Amino acid sequence: MLLRHTLSLWSALLATGIVLAQPSEQFCPGDLTDDNKVNLSDLAVLLGDFGCNIPVCVGDINGDGVTDLTDLAILLGSFGTDCCPGDANDDDMVDLTDMALVLAEFGCTTNCQGDIDGDGDVDLEDLAIVLGNFGLTCEAETMGVVDLDIDSDNDDGTASPDRSQAEDDIEAAVGTGKLFLVNDDDDDFDGIVDFDEVGPVPEESDDLVPIVLELSNEPAGVTAVTFKLQYDQNAMRVWNAPTRGSIGVDDIPDDSEQEYVLAGGPLTFWVEGLQASVMAGDAPISAVADFDDDGSFESEDLVLATELSVSSAPQVGQLGTLVTWMLAPAIAPAVFDATTTASWTGKYQPPSGNGTAPFSFDYTSAQLQETSTGTASILLGDGTPSQVPDPAALIGGGVLQGQITFQFNAFQLRRSMSLMPQTEQLTVWRTVLYAAEPNQPASGSPLLGQPATELSVYEVPPTGVPTYLATAFAYHFACTVIFEENPASVGSAPSSIVADVVTLDPQGLEHDRHAGIVLTLDSADNDPAHLTYVSDLSMPIVFVDGAFDETAFPTLITLLAVEDGRAIVVPGDPP
């Protein structure tokens, strides 16, 4: 019955003019070198032909006249497979068993094993492939298996990939592959970009991405295998340790022969980004191995990756400064949107001496203001603080050093950053003007005067009774706190703020403090570049060198001060 059925279908094939003996590349999609394998050789052919739109393009897998991303998707979807056209039962030969399977399913249109050409049904074309390749024996892969794994589903951060089947299934599929950052931050804050360091960087574990290589199914008696990692050395480096090392000693150069000792199990390497991607998945990494030691690296595996760049500007600013973060390329899931949040953790490092204890700020999705998928901004001074030291410790031209983390739903990116807060410019002491004669009681409302060149300290007489303090106008001051004015800071500016005035001795230690001073936003400051908050002019601030009965002067705020000391204004708690 099988022979009769076959002969009748043979006649039908001849009548329709279908050619039997010319198996097409479509039966091994992605095999551009006609070796019944889809591997790096085919990828090189396609990339070399990318963009072709002449009548015959060698990389045009789907036959639409151009070599483009669709062809690349087909090739990557079949990457690593061995093809045997007509082998319906996957036993590496085309014989009567395959013919019987096709004939048994002839006319099938759903989940058809006999659908050789992958067009959704079993018909004359499928039988033509079987007959055209009848007797073909396909060599099975017996020379070992290469398994290169990276966190292709982007759920492990900079930890080792989970090496699941789901992860393995998408590691070479068209898309982003593993997303990781170019290592152009400065984790040890020594002024040298990390990828330019000449040796290890101890804090580097959050920047380098692990890849895992496992070789198996080796021929009998083989204990070690030569392998090579292949990648674009202008776009990345591969290291033996997560803290980098010395180039030429601790790195794995592109296409260099390395030894894999099979008894040692899987090897882990760490990838360092050097150059941001132009498009998704344009940073492939492959591993090839020579299991039979004949100099030919037949076994291989491939993973895709995308390198991201994150930068910020400015690096110097006062409270209210809008710090903008730029992400390139912005590729899902790493895109700024209405759900993105951020957090910063670090310390304040003065020009000399030890830094403060760690503290942090958390930014909600509303405080992280995205302007596009690739840009978002944060107001300096915004966010919810945690364990922030006394602001007096943040004075003196130091630098905020720490790490900012962006949370894109389940995916996050973390990088080091430093910023110099212009704390010295936040407070401006001003004189208080009165419409009165010298040494006479004031009349009318006091006015804000010019910035003070120095803060004079009133000498309390030996009697301890500063009789003329209320009319010693040269010693009356007001404090103003200024913020950068921009649309974001204006939109979030409160009508008043609460501050503490702190006097410091020449060594920078706190000498006295007056807490809970309310400063009000001056809507008529005539300064389009700044928002200005001013203390109550009817309660001028006076610095004195000795204690006395302050209740005698209820319209003054007095603080103890010393010569050559300083006075600063720091955020306070509401009264």
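Strands S18 and S19 form a hairpin in which 2 residues lie between the two strands, and Asn409, which sits in the turn, has a positive phi of about 55°. This hairpin belongs to a predicted model, and the two strands run antiparallel, joined by 9 bridges. Within this pairing, Phe406 stands opposite Leu413 in S19, and both Phe406 and Leu413 are listed among the residues with the most contacts inside the largest nonpolar core.

**The sheet that holds the hairpin**

- The hairpin strands are part of an open sheet of 6 strands, which follow one another in the order S11-S19-S18-S13-S14-S17 with mixed pairing.
- The edges of this sheet are strand S11, covering residues 316-317, and strand S17, covering residues 384-386, and each of them pairs on one side only.
- At one of these edges, S11 pairs with S19 in the parallel sense over 2 bridges; here Val316 stands opposite Met420 in S19, while Gly317 stands opposite Pro421 in S19.
- As a general point for reading such sheets, the side chains of a regular strand alternate between the two faces of the sheet.

**A second sheet**

- Another open sheet, made of 5 strands, has the order S2-S10-S12-S16-S15, and its pairing is also described as mixed.
- Because S2 and strand S15 (369-372) stand at the edges and have a single partner strand each, one side of each is left without a neighbour in the sheet.
- From one strand to the next, the twist in this sheet averages 25°.
- S2 is joined to S10 by 4 bridges in the parallel sense, and one of the residue pairs involved is Leu181 with its bridge partner Leu308 in S10.

**The nonpolar cores**

- The largest nonpolar core contains 27 residues, and those with the most contacts inside it are Trp325, Leu327, Phe336, Trp344, Phe406 and Leu413.
- Several strands each supply at least two residues of this core, among them S2 (178-181), S10 (305-313) and S12 (322-328), as well as the hairpin strands S18 (399-408) and S19 (411-421).
- A second, separate core is made up of 26 residues, including Ile211, Phe227, Ile285 and Ala287.
- If neighbours within four places in sequence are left aside, Trp344 is in contact with Phe359, Ser360, Phe361, Tyr363, Leu400, Gln401, Gly402, Gln403, Ile404 and Met417.

**Helix H4**

- Helix H4 spans residues 96-104, and its buried residues are Asp98, Met99, Leu101, Val102 and Leu103.
- At the start of H4, a side-chain oxygen of Asp95 reaches to within 3.1 Å of the backbone nitrogen of Thr97.

**The protein as a whole**

- The protein has 7 helices and 29 strands, and 44% of its 575 residues count as buried.
- Among the contacts in the protein with a separation of 6 or more, 64% are accounted for by residues that are 24 or more positions apart.
- The accessible surface of the protein comes to about 27,300 Å², and 54% of this surface belongs to carbon and sulfur atoms.

Definitions and conventions: Residues are numbered from 1 along each chain as its sequence is written. This is a predicted model: local features need pLDDT of at least 70, side-chain atom pairs count only at pLDDT 80 or more; totals for chains, interfaces and linings use all residues. Side-chain values use heavy atoms; hydrogens and water are left out. A nonpolar core is a set of buried Ala, Val, Leu, Ile, Met, Phe, Trp, Tyr and Cys residues joined through side-chain atoms within 4.5 Å. Buried means under 20% relative accessible area, exposed over 50%, partly exposed in between (1.4 Å probe, protein chains only). Contact means heavy atoms within 4.5 Å. Two strands pair if DSSP finds at least two bridges between them. Accessible areas come from the Shrake-Rupley method with a 1.4 Å probe; for residues, only the protein chains shown count as cover. A polar contact is a pair of N or O atoms within 3.5 Å; within protein, one must be able to donate a hydrogen and the other to accept it, and residues adjacent in sequence count only if both atoms are side-chain atoms. Axes are lines fitted to C-alpha atoms, for helices over the stretch in contact, and angles run from 0 to 180 degrees between N-to-C directions.
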